[in-house]
Amino acid sequence: MPIASINPATGETLKTFESLNNQQLEEKLQRAADTFRNYRRTSFTDRAQMMMRAAEILEHEKQELARVMTVEMGKPIKAAVSEAEKCALVCRYYAENAELHLAAEIVETNATNSFVCFQPLGAVLAVMPWNFPFWQVFRFAAPALMAGNVGLLKHASNVPQCALAIEDVFRRAGFPEGAFQTLLIGSETVQQVIEDVRVTAVTLTGSEPAGRSVASIAGKQIKKTVLELGGSDPFIVMPSADLEAAVTTAVKARTINNGQSCIAAKRFIVHTQIYVEFEKRFVEVMKALRVGDPTDEATDIGPLATEQILKDLEDQVQISVAAGAKILTGGHKFKADGNLALGNFYEPTVLVDIAKNSPAYADEIFGPVASLFRVGGIDEAIELANATPFGLGAAAWTNDAAEQARFINELEAGCVFINGMVASDPRLPFGGVKHSGYGRELGEFGIREFVNVKTVWIK
């Protein structure tokens with residue numbers, strides 16, 4: 001079945017690619033296994049040199065690579081350039097720190113010598129999403145390759161050009177041909193790859209249903225998985241917060257990547273003492289955002305990545321409104337001019353008076369739609385923040401030390417940001433709890449997910 005690259009701003013089909021047939025897939029799987037046998041013996045110094053070269057390519061070609069991202073999934077060009085730069089950052093981080101993170105740890109026992117060492121597993125399959133088509137891949141690939149594993153990428157089917165460009169970056173950086181390979185396959189072939197004995201582990205970033213499916217298949221094969229799934233992140237604002245900074249950051253946190261981010265703030269929980277002013281300022285800034293051509297550097301919000309994502313967003317808003325929610329701004333498909341008229345654009349939208357049984361209350365909404373809630377105190381804020389099956393990230397704005405401590409201890413999330421926007425950082429572990437998944441990426445914890453933690457005891 002052909003895999004199509006479609007410009008979400010215009011509806012134009014840019015390129016089509018044929019899916020791998022069984023013979024081509026077999027060759028790639030065998031190449032990964034053959035490469036691993038030798039690649040695992042390379043030194044950290046050699047791997048680091050190649051990873052540094054990958055960082056250099058990303059930095060030198062960030063404009064060209066950014067354009068591939070923008071025309072294929074619609075993110076504003078400035079954000080795409082920043083994404084390429086962040087990929088270079090994670091490459092450099094692991095090139096500089098992998099050996100330290102994986103250094104053997106001596107443990108005093110009754111043995112003459114006992115220690116724990118960390119050894120690569122083999123070929124790791126990455127099932128990756130379209131929303132950050134470079135970053136999601138590099139945050140897996142940099143630690144996996146530096147640990148001595150080899151990577152197999154099954155990217156989202158709407159970003160095949162990004163997938164092939166990433167493979168090309170690693171090839172030109174000097175990594176062996178089978179160290180990182182893109183598999184142009186459909187979702188129906190993923191089970192076959194996971195079940196293949198040459199694949200040792202799987203990491204997935206994506207939807208909750210996709211995570212359940214991959215984890216179930218891998219579990220039957222007793223294979224390690226790491227899952228980073230959806231989020232319905234709360235953004236709490238208390239009376240002691242810097243209101244101007246909170247509003248500015250709140251809008252950015254909701255609309256980053258056209259609102260299509262697992263860690264985008266989606267539910268804004270504001271103390272009643274400052275709610276009216278927050279709502280007023282928040283709506284004003286949302287209204288002022290510029291929606292349009294994502295290749296124009298003046299654009300704030302581009303199109304949603306696919307027509308189906310747009311339809312799903314429209315349905316979520318309409319269902320929420322039917323259940324009682326009120327629209328303060330937006331709420332409709334955005335009609336752009338000229339050749340953008342067929343694009344997947346949606347107005348920046350703010351909802352209030354949201355019923356508990358509606359999608360805007362606790363579900364993940366992928367698009368520039370914000371849900372505002374008024375609460376009377378910190379107990380109510382924490383209860384509402386945790387009233388979702390997800391637990392990826394959370395942000396709380398307060399300058400009260402006691403309130404900060406409670407948010408840190410009681411918010412059910414893989415990360416809590418105080419007076420800031422939830423973001424990923426190569427130096428810090430990243431992942432969620434509850435239905436947002438398990439395992440961690442990035443930092444020291446991330447590189448240790450796909451290694452054999454081996455105990456050695458010598459008498």
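Here are some short exercises on the pockets, cavities and overall build of a predicted model.

**Exercise 1. Work out what the protein chain looks like as a whole.**

Step 1: start with the secondary structure. The protein chain has 15 helices and 20 strands.

Step 2: check the radius of gyration. A compact globule of 459 residues would come out near 23 Å, and the protein chain has 23 Å, so the two agree.

Step 3: look at the extents. Along the principal axes, the C-alpha atoms take up a box of roughly 70 × 60 × 40 Å.

Step 4: ask about burial and surface. With buried meaning under 20% relative accessible area, 58% of the 459 residues qualify. The accessible surface is about 18,800 Å², and carbon and sulfur atoms hold 51% of that.

Step 5: turn to the contacts. Take those between residues at least 6 apart in sequence: 73% of them link residues at least 24 apart.

**Exercise 2. Describe the largest pocket: its volume, its lining and where that lining comes from.**

Step 1: get the volume, which is about 990 Å³.

Step 2: go to the lining. There are 36 lining residues, and Pro129, Trp130, Gly206, Ser207 and Ala210 sit nearest the centre of this pocket.

Step 3: map the lining onto elements. At least two residues each come from α7 (190-195), β8 (199-205), α8 (208-220) and α11 (307-322). Which of these gives the largest share? That's α8, with 6 residues.

Step 4: sort by class. You get 16 nonpolar, 14 polar and 6 charged residues in the lining of the largest pocket.

**Exercise 3. Do the same for the second largest pocket.**

Step 1: its volume is about 790 Å³.

Step 2: the second largest pocket is lined by 36 residues, with Ala79, Phe132, Lys252, Ile256 and Asn257 closest to its centre.

Step 3: two or more lining residues come from each of α4 (77-101), α5 (135-146), β10 (233-237) and α9 (243-255). The largest share belongs to α4, which supplies 5 residues.

Step 4: the class split for this lining is 19 nonpolar, 8 polar and 9 charged.

**Exercise 4. Now find the enclosed space, and say what surrounds the largest cavity.**

Step 1: count. How many cavities of 30 Å³ or more are there? The count is 4.

Step 2: the largest cavity holds about 110 Å³ of space. Its lining has 14 residues, and those closest to the centre are Arg139, Phe140, Pro143, Gly446 and Phe450.

Step 3: α5 and α15 (443-447) are the elements giving two or more residues to this lining. Of the lining residues, 4 come from α5, which gives the most. You've met α5 before: it also helps line the second largest pocket.

Step 4: by class, the lining of the largest cavity breaks down into 7 nonpolar, 3 polar and 4 charged residues.

**Exercise 5. Finish with the second largest cavity.**

Step 1: about 70 Å³ of space lies inside.

Step 2: 15 residues line the second largest cavity, and Pro234, Ala385, Phe390, Gly393 and Glu412 lie nearest its centre.

Step 3: the elements with two or more lining residues are β10, β15 (390-391) and β16 (393-397). Another familiar face here is β10, which also gives residues to the lining of the second largest pocket.

Step 4: the classes come to 7 nonpolar, 5 polar and 3 charged for the second largest cavity.

How values were computed
Residues numbered from 1 in each chain as written. Predicted model: local features only at pLDDT ≥ 70, side-chain atom pairs only at ≥ 80, totals over all residues. Heavy atoms only, no water. 1 Å grid on protein atoms, 1.4 Å probe; cavity = no way out; pocket = protein on both sides within 12 Å on 5 of 7 lines; lining within 4 Å. Points joined across faces, edges and corners; volume = space filled by probe spheres on them. Nonpolar A, V, L, I, M, F, W, Y, C, P; charged D, E, K, R; others polar. Rg over C-alpha atoms; globule rule 2.2 N^0.38 Å. Buried < 20%, exposed > 50% of the residue type's maximum accessible area, 1.4 Å probe, protein only. Contact = heavy atoms within 4.5 Å. Areas by Shrake-Rupley, 256 points an atom, 1.4 Å probe, with all protein chains shown as cover.
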